[in-house]
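Q: I should like to look closely at a single part of this model and then see how other parts are described in the same terms. Please begin with the place I ask about and proceed from there.

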Amino acid sequence: MEQWVYLNGEYLPQREAKISVFDHGFLYGDGVFEGIRAYEGKVFKLKEHLQRLFNSAKAISLNIPLSQQELQEKVLETLRKNNLKNAYIRLVISRGEGDLGLDPRKCPHPQIIIIADKIILYPDELYEKGLEVVIASTRRNIPSALDVKIKSLNYLNNILAKLEANLKGASEAIMLNQDGYVAECTGDNIFIVKGGELITPPSWIEILKGITRDVVIGLAKRERIRVREESFTPFSLYTSDECFLSGTAAEIIPVTKIDGRVIGEGKAGKITRLLMRKFRQLTKKEGVPIY
Ligand code: PMP
């Protein structure tokens, strides 16, 4: 079935939705984006995603020519146009067409793109068996160079780490910050469980403040699980009772091997499974209705 893509106020068939080769999103990764999910006819945490998108845009002085409310309506309209109830939505704002120089002032028209597609997930069995991951030697960007709180179109830092995972036959790569503390994965946040407590790197270190991460923290607290946002080193990963990743696309997915060390019992742990279940229940309950 032909897919409709929103491009600057128009809905175009997928093959006709095209961007200039002079677009600075393409030439320089100059732009911002969000990945959003819709479950059973409702868009999960849409306002939070839009807020993060506007914050990312603000940080790079990119003026989004629509209000948050207008952009929300466009997202919903794109889903309706594609007849989707369960979907992955990619919302992209690029700096727009300019010349071959870097100067953003030469790009007067930011491009707004909304793609709504079916979600491709990790296979079901991995949600039981867990992922094998490695720690990448590529460190997470430092904020004084490029703050990773900006969800920008430039993901090379993450891709370099992902390449390391690929080379080692692992599903994902854990990235450390410059000081050697665990930061996050290439497209997901990370949690460990130790002695019944849930621990995740604090939001002030080099992580994207994941919306799923916030949901997980909220769910854990509601289940009376103690949550600590605290820096830790790979030692804590290797010796954890449970480990899992969180992200919009992956949701909550267990990690059962890190650099060859088996985590816990080598399958999804008890707290991980509880949070996975609670998370799925929440996605069915909450969200902005599409229809
Ligand atoms: N870290 C990075 C680097 C990411 O790209 C993502 C996915 N957007 C996340 C964490 C998870 O964030 P969220 O839960 O908001 O999808």
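Between which two elements does the loop that holds K45 lie?

A: K45 is found in the loop between β4 (42-43) and α2 (46-59). Helices (H or I, at least four residues) and strands (E, at least two) are DSSP runs numbered from the N terminus. The model is predicted, with local features requiring pLDDT of at least 70 and side-chain atom pairs pLDDT 80 or more, while totals for chains, interfaces and linings use all residues. Residues are numbered from 1 along each chain, and side-chain values use heavy atoms without hydrogens or water.

The backbone at K45 deserves attention: K45 has a positive phi of about 55°, although K45 is not a glycine. With a relative accessibility of 21%, K45 counts as partly exposed (buried is under 20% relative accessible area, exposed over 50%, partly exposed in between, with a 1.4 Å probe and protein chains only).

A positive phi is also found at E251, where the angle is about 60° and the residue is again not a glycine. E251 belongs to strand β14, which covers residues 251-258. The relative accessibility of E251 is 4%, so E251 counts as buried. A further positive phi, of about 60°, is taken by R224, which comes just after helix α6.

Helix α6 itself runs over residues 211-222 and holds 12 residues. From its first C-alpha to its last, α6 reaches 17 Å, which is close to the 16 Å expected at 1.5 Å a residue (the expected span is 1.5 Å times one less than the number of residues). Within α6, the residues I211, T212, R213, V215, V216, I217, L219 and A220 are buried. D214, by contrast, has a relative accessibility of 33% and so counts as partly exposed.

D214 also leads to the charged contacts of the model, for D214 forms a salt bridge with K209 (a side-chain nitrogen of Lys or Arg within 4 Å of a carboxyl oxygen of Asp or Glu). The closest N and O atoms of D214 and K209 are 3.2 Å apart. K209 has a relative accessible area of 36%, so K209 is partly exposed as well. Elsewhere, salt bridges with shared partners join E197, R226, R228 and E230 into one network.

In total, the structure holds 20 salt bridges. Another of these pairs E172 with K162, whose closest N and O atoms lie 3.3 Å apart. E172 lies in strand β8 (residues 172-176) and K162 in helix α5 (residues 156-167), so this pair ties together parts that are 10 residues apart in sequence. The accessibility of the partners can be set side by side: E172, at 3% relative accessibility, counts as buried, whereas K162, at 27%, counts as partly exposed. A further salt bridge links E125 with K129, and the closest N and O atoms there are 3.8 Å apart.

Strand β8 also contains M175. The relative accessible area of M175 is 0%, so M175 is buried. M175 and S137 stand 38 residues apart along the chain, yet their C-alpha atoms are separated by 7.5 Å.

A second pair with a wide separation in sequence involves E128, which lies in helix α4 (residues 126-129). E128 and V255 are 127 residues apart in sequence, while the C-alpha to C-alpha distance is 9.7 Å. E128 has a relative accessibility of 44%, so E128 counts as partly exposed.

One more loop may be placed beside the loop of K45. F22 is found in the loop between β2 (10-13) and α1 (24-28). At 37% relative accessibility, F22 counts as partly exposed.

To return to the part requested, K45 sits between β4 and α2, takes a positive phi of about 55° without being a glycine, and counts as partly exposed at 21% relative accessibility.
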